[in-house]
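Student: I am new to this structure and would like a close look at one part of it. Could you pick a pair of neighbouring strands, walk me through them slowly, and then show me how the rest is arranged?

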Amino acid sequence: MDDSNAEEVQRALLKNGLQKQLDEFQMLSAIFCNPGELHVDDYGCIDNLNSYINGETNRLTTKLDYRFDLPLVPNQKVQILVELPHLYPALEIPRIVIRSAVIPRDQERLLTSKIEQYIEEEVVEREEPYVYQVVGWIQDNFTELMQTTGEKKESNHTAPGKRSVPGIEPVVFERVWIYSHHLKSKTKRQTIIKTARDLQLTGFSRPGKPAIICVEGSQHDTQAFWRTIKPLKWQKIQIKFNETETVSSENEMAALRHFQSGFREELFCEMDEDSDTEDQPMSMSLFMKFLEKHNCGYIKKELFGFHNSSENAIS
């Protein structure tokens, strides 16, 4: 077999695997069809895979990734993130991560190892997709997984009145306000948005000059966000202010969030159709109205030295 034929065979195998990924996703969409159960952040990845399969492009620019939000413990949603390498299912295993605001990062890594072990030992037939099998196993065994990966704690470590879930400890809610000299790079802006959404953080990013970013959620996740974006090339970037409070459930976490609709980019400028958005000056009036709308008027003093009657940070 010459090189051209070998490449054609490899391409055909790749297309076959990618088609199986898309077929599996359609099946999962039909099964997990309740609102909010199954998410895809960027449907452009599905378009890219379809274009490659149909011969409309020779480039695979993304991997298929999606996430489940499932009520695996009382009064809390647990996120199962799935990222499929291009050679899944036949030659590569998927990356499947369990994440929740109340699961510490070290325990998350242990859970990921348990999932990989299950795939290696229990998924015998890997020619066909098996994400549904793995997710079903997680659902059926979640309590046991949390118990075997969680640290043993004395019962008196649980705060009075707080219900303890095996393997889950109270966590710290944090809201972080970040200030930068400017933010124009589209790659950097996309990294900020994707990282915040992957970590299930809420808040906003204001590109341009100055740049203002606010993220809120589990302190494990807000600090992971900061560790991710800080090494990017900045003229100047700093945490201006952070707010923390201990919580023991996702409902308590949700009640503290000021930005309930997720994480998004906000411009706060009077739009001029002839100018690039990142070059638009920020309208301080629009920004202040936005802060007041989200009960964040107090931050004016921290960001710009403005005084405000409300000094109570978390409410």
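Tutor: Let's start with strands S2 and S3, which pair in the antiparallel sense over 8 bridges. Keep in mind as we go that this is a predicted model. To find the strands on your screen, look for residues 64-73 for S2 and residues 76-84 for S3. One pairing to pick out is Tyr66, whose bridge partner in S3 is Val82. The two strands form a hairpin, with 2 residues between them. In that turn you will meet Asn75, which has a positive phi of about 60 degrees.

Now stay with S2 and look at its surroundings. Of its 10 residues, 8 are buried, so S2 is largely enclosed by the rest of the structure. As you follow the strand, a general point helps: side chains in a regular strand alternate between the two faces of the sheet.

S2 has another partner besides S3. Strand S1, made of residues 38-39, runs antiparallel to S2 and is joined to it by 2 bridges. Here His39 has Arg67 of S2 as its bridge partner. Step back a little and the sheet comes into view: 4 strands in the order S1-S2-S3-S4, forming an open sheet with antiparallel pairing. Its edge strands are S1 and S4, the latter covering 95-99, and each of them pairs on one side only.

A good residue to visit next is Phe32, in the loop between helix H1 (3-31) and S1. Is Phe32 buried or exposed? Its relative accessibility is 8%, and buried means under 20%, so Phe32 counts as buried. Leaving aside neighbours within four places in sequence, the contacts of Phe32 include Phe68 and Leu70, and both of these positions fall within the span of S2, residues 64-73. Phe32 also touches Glu37, Leu38, Tyr132, Val135 and Gln139. Notice how the fold brings separate parts of the chain into reach: Phe32 and Leu70 are 38 residues apart in sequence, with their C-alpha atoms 9.4 Å apart in space.

Some of those partners lead us to a pair of helices. Tyr132, Val135 and Gln139 are contacts of Phe32, and their numbers place them in helix H4, residues 131-149. H4 packs with helix H3, residues 105-122, at an angle of about 130 degrees, the axes being 11 Å apart. The two helices are therefore oblique to each other, and their crossing is right-handed. On the H3 side, the residues in the contact include Leu110, Leu111, Ile115 and Tyr118, while Val134, Trp137, Ile138 and Leu145 are among those from H4. By class, the residues of this contact divide into 10 nonpolar, 4 polar and 2 charged.

Further along the chain there is another sheet to explore. It is open, with 5 strands in the order S8-S5-S7-S6-S9, and its pairing is mixed. Strands S8 (237-247) and S9 (263-265) stand at the edges with a single partner strand each, so one side of each is left without a neighbour in the sheet. From one strand to the next, the twist averages 10 degrees. Within this sheet, S5 (residues 171-180) and S8 run antiparallel and are joined by 10 bridges. You can locate that pairing by finding Ile178, which stands opposite Ile239 in S8.

Two helices lie across strands of this sheet. H5 lies across S6 (202-206), S7 (211-218) and S9, running at about 165 degrees to S9. H6 lies across S5, S7 and S8, and runs at about 145 degrees to S7. These helices also come together: the axes of H5 (residues 186-198) and H6 (residues 219-229) come within 10 Å and cross at roughly 160 degrees. That makes H5 roughly antiparallel to H6. The crossing is right-handed. Where they meet, Ile192, Thr195 and Ala196 of H5 face Phe225, Thr228 and Ile229 of H6 in contact. This contact has 4 nonpolar, 2 polar and no charged residues.

Finally, let's place our hairpin in the whole protein. There are 9 helices and 9 strands in total, and 46% of the 315 residues count as buried. Among contacts between residues at least 6 apart in sequence, 65% join residues at least 24 apart. The pair we met earlier, Phe32 and Leu70, is 38 residues apart in sequence and in contact, which gives you one example to look at on your screen.

Note on methods: Residues numbered from 1 in each chain as written. Predicted model: local features only at pLDDT ≥ 70, side-chain atom pairs only at ≥ 80, totals over all residues. Heavy atoms only, no water. Buried < 20%, exposed > 50% of the residue type's maximum accessible area, 1.4 Å probe, protein only. Pairing = 2+ DSSP bridges. Axes fitted to C-alpha atoms, helices over the stretch in contact; angles between N-to-C directions. Parallel < 35°, antiparallel > 145°, perpendicular 65-115°, else oblique. Left-handed = near helix turned anticlockwise from the far one by under 90°. Contact = heavy atoms within 4.5 Å. Nonpolar A, V, L, I, M, F, W, Y, C, P; charged D, E, K, R; others polar.
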